[in-house]
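Reader: Hi! I have a chain open on my screen and would like to talk it through with you. Could you have a look?

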Amino acid sequence: MTESAPRLAGTWRMPWKAIATVIFTVALSLPFLGIWAIASSAGRVQRQARWQVHTVLVQTGIGEVERQVLSLEGEVRGFLLSGADRYLNRLPTAQADLDLDMANLSLLTADNPGQLERLASLRPLVRTRIGNFNRLVAIRRRSGLEAGAREMEKGTGTDLTVRIQGVLNAMKAEEDRLVVQGSRATEEEFWLFRRAVYLGLAAVGLLCALALLFLKWGLDERACARRIVDRERRLGEEAIQATTAMLRQSNRDLAQFASVASHDLKEPLRMVASFTELLARKYRGKLDADADEYIGFAVDGAKRMQVLVDDLLQYSRITSQGRPPERSAAGEALALAILNLQGAIRESSAVITHDPLPLVDADASQLAMLFQNLLGNAIKFRGPAPPRIHITATREEQVWHFTVTDDGIGIDPRHHQRIFEIFQRLHTRAEYPGTGIGLALCKRIVERHGGRIWVGSEPGQGTIFHFTLPCPGDHR
């Protein structure tokens with residue numbers, strides 16, 4: 001037995017060494033293939049994310065057109081039944097508002113011929129329907145309820161509404177299809193991304209297995225085996241470090257995407273606003289009043305889109321660019337928010353008071369942003385009297401429970417959850433300006449810090465916003 005061992009080792013030395021060398025070479029290339037796959041997948045994920053943001057904006061525009069048409073239906077029906085002019089709030093400016101919304105949709109769907117064709121068919125239907133509304137109102141004023149009811153029973157307006165709804169449904173179906181298509185593509189990219197990471201880990205595991213194989217068969221000498229193991233370990237660590245660096249770079253690239261996307265969207269909007277303002281200055285008084293009004297609508301629409309893009313950018317940066325939570329004074333954050341709102345406070349004669357506020361674990365700048373959005377909300381949705389706002393904080397175990405109380409118009413309990421969703425508005429832009437992102441931003445800030453936010457309110461009885469933030473770890 002003692003004499004056969006050298007012969008066995010000599011017999012198997014070269015074949016196994018050659019095979020192990022080939023496997024080692026192949027395994028060494030796998031981490032670099034994984035890194036390349038991760039980089040390629042990250043770029044495709046960025047493009048899909050940019051496309052998804054664009055689709056959300058289109059869906060919002062379609063929903064706004066649908067909401068306005070249905071709102072006009074309700075106004076005219078209310079007027080026909082009561083004869084009261086208070087029901088006709090939107091009808092005088094309905095055509096201009098809808099033309100502006102459809103113009104914004106044309107800008108957003110410029111790369112989709114099918115959607116542009118549907119928009120082209122929608123415009124005459126909307127104009128005809130508004131004309132039908134005006135005719136019904138005129139008949140009701142002139143001949144009374146029965147004449148207006150007879151005119152409605154002809155069914156012309158209902159047919160127009162069904163056709164308008166059909167076009168809008170087709171547009172929404174197209175955008176839904178694009179969302180599903182984009183989601184599938186994103187899922188495929190993430191699937192490839194995970195496989196690339198698995199490939200890198202498998203490569204490291206294979207390299208370690210090869211180290212054991214080399215050691216087991218006693219290739220060369222013990223010193224040679226030690227050098228091989230050290231080399232493989234070093235290569236594995238370098239592969240892990242390279243993969244980690246690529247992942248960090250991918251996260252940075254994804255964070256930068258929001259800024260790039262906002263620039264890509266804002267540039268054409270800025271150009272539209274600039275040229276329409278030039279038209280307004282050059283031709284004011286030379287064209288009729290309608291032309292001046294339409295130019296003003298175009299400028300206002302472009303500016304509102306710019307505000308929407310800025311708010312979306314701010315929303316996307318809450319997590320990606322926020323600083324780690326640290327001990328922060330809530331009173332200082334509130335003071336900064338009040339300073340930023342000085343113009344609105346003076347204009348509304350708002351009175352803001354607060355109890356002593358504590359130290360919390362939070363990103364100070366985001367805490368100030370949270371207070372600013374809640375105070376701005378209270379000032380915007382105020383009643384006829386100057387708003388009175390009060391802020392409190394109460395210790396509850398390991399969190400501080402904050403409240404922001406106002407005496408404004410209040411919120412229907414049916415909408416208490418909905419208001420924290422992005423793009424959700426309870427009022428028209430004519431009644432209260434804004435993009436519908438402010439409270440969604442508040443929710444994202446609070447949840448990033450491990451807290452929660454909710455509201456208690458009834459219409460006409462003011463509003464109390466509640467949110468919690470963690471206490472500092474060593475604070476007593």
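**Talking through the chain**

Author: Happy to! At 25% relative accessibility, R448 is partly exposed, and this is a predicted model.

Reader: Which residue does R448 form a salt bridge with?

Author: R448 forms a salt bridge with D363, and their closest N and O atoms are 3.9 Å apart. D363 sits in the loop between β3 (359-362) and α10, while R448 belongs to helix α11, so the pair ties together parts that are 85 residues apart in sequence.

Reader: And is D363 buried or exposed?

Author: D363 counts as buried, at 2% relative accessibility. The cut-off for buried is under 20% relative accessible area, so D363 with its 2% falls in that class.

Reader: Nice. How many salt bridges are there?

Author: The count comes to six salt bridges. As a general point, side chains of opposite charge can pair when their charged atoms come close.

Reader: Where do E64 and R67 lie?

Author: Both lie in helix α1 (residues 4-82), three residues apart, which is about one turn of the helix. Their side chains meet in a salt bridge of 2.8 Å, N to O. E64 is buried, with a relative accessible area of 17%, whereas R67 is partly exposed at 32%.

Reader: What about D230, which residue does that one form a salt bridge with?

Author: D230 forms a salt bridge with R233, with the closest N and O atoms 3.1 Å apart. D230 and R233 are three residues apart in helix α6 (residues 222-283), so about one helical turn separates them. D230 is partly exposed at 36% relative accessible area, and R233 is partly exposed at 44%.

Reader: Back to α11 for a moment. At what angle does it pack with α10?

Author: Helix α10 (residues 364-380) and helix α11 (residues 438-448) pack at about 145 degrees, and their axes are 9 Å apart. The crossing of α10 past α11 is left-handed.

Reader: Which residues of α10 and α11 meet there?

Author: From α10 there are Q366, M369, L370, N373, L374 and N377, and they meet G438, L439, L441, C442, I445, V446 and R448 of α11. The residues of this contact divide into eight nonpolar, four polar and one charged. R448 is in that α11 list, and R448 also forms the salt bridge with D363.

Reader: Changing topic: in what order do the five strands of the open sheet come?

Author: The order is β2-β4-β5-β7-β6, and the pairing is mixed. β2 (351-354) and β6 (453-457) stand at the edges with a single partner strand each, so one side of each is left without a neighbour in the sheet. On average, neighbouring strands of this sheet are turned by 20 degrees against each other, direction ignored.

Reader: How many bridges join β5 to β7?

Author: Eight bridges join strand β5 (residues 399-406) to strand β7 (residues 463-470), and the two run antiparallel. For a spot to find on your screen, T405 stands opposite I464 in β7.

Reader: Which strands does α10 touch?

Author: α10 packs on the sheet and touches β2, β4 (388-396), β5 and β7. The direction of α10 makes about 175 degrees with that of β7.

Reader: You mentioned β3 earlier. How many bridges join β1 to β3?

Author: Four bridges join strand β1 (residues 326-329) to β3, and these strands run antiparallel. The bridge partner of E326 in β3 is A362. V360 and A362 make up the covered face of β3, while L359 and D361 make up the uncovered one.

Reader: One more spot: where is A147?

Author: A147 is in helix α4 (residues 145-153). A147 counts as buried, at 13% relative accessibility. A147 and L80 are 67 residues apart in sequence, and their C-alpha atoms are 9.7 Å apart in space.

Reader: Great. Before I go, how many helices and strands are in the chain?

Author: There are eleven helices and seven strands. Of the 476 residues in the chain, buried residues make up 39%. Among contacts between residues at least 6 apart in sequence, 76% join residues at least 24 apart.

Reader: Thanks, that helps me find my way around!

How values were computed:
Residues numbered from 1 in each chain as written. Predicted model: local features only at pLDDT ≥ 70, side-chain atom pairs only at ≥ 80, totals over all residues. Heavy atoms only, no water. Axes fitted to C-alpha atoms, helices over the stretch in contact; angles between N-to-C directions. Left-handed = near helix turned anticlockwise from the far one by under 90°. Contact = heavy atoms within 4.5 Å. Nonpolar A, V, L, I, M, F, W, Y, C, P; charged D, E, K, R; others polar. Salt bridge = Lys/Arg side-chain N within 4 Å of Asp/Glu carboxyl O. Buried < 20%, exposed > 50% of the residue type's maximum accessible area, 1.4 Å probe, protein only. Pairing = 2+ DSSP bridges.
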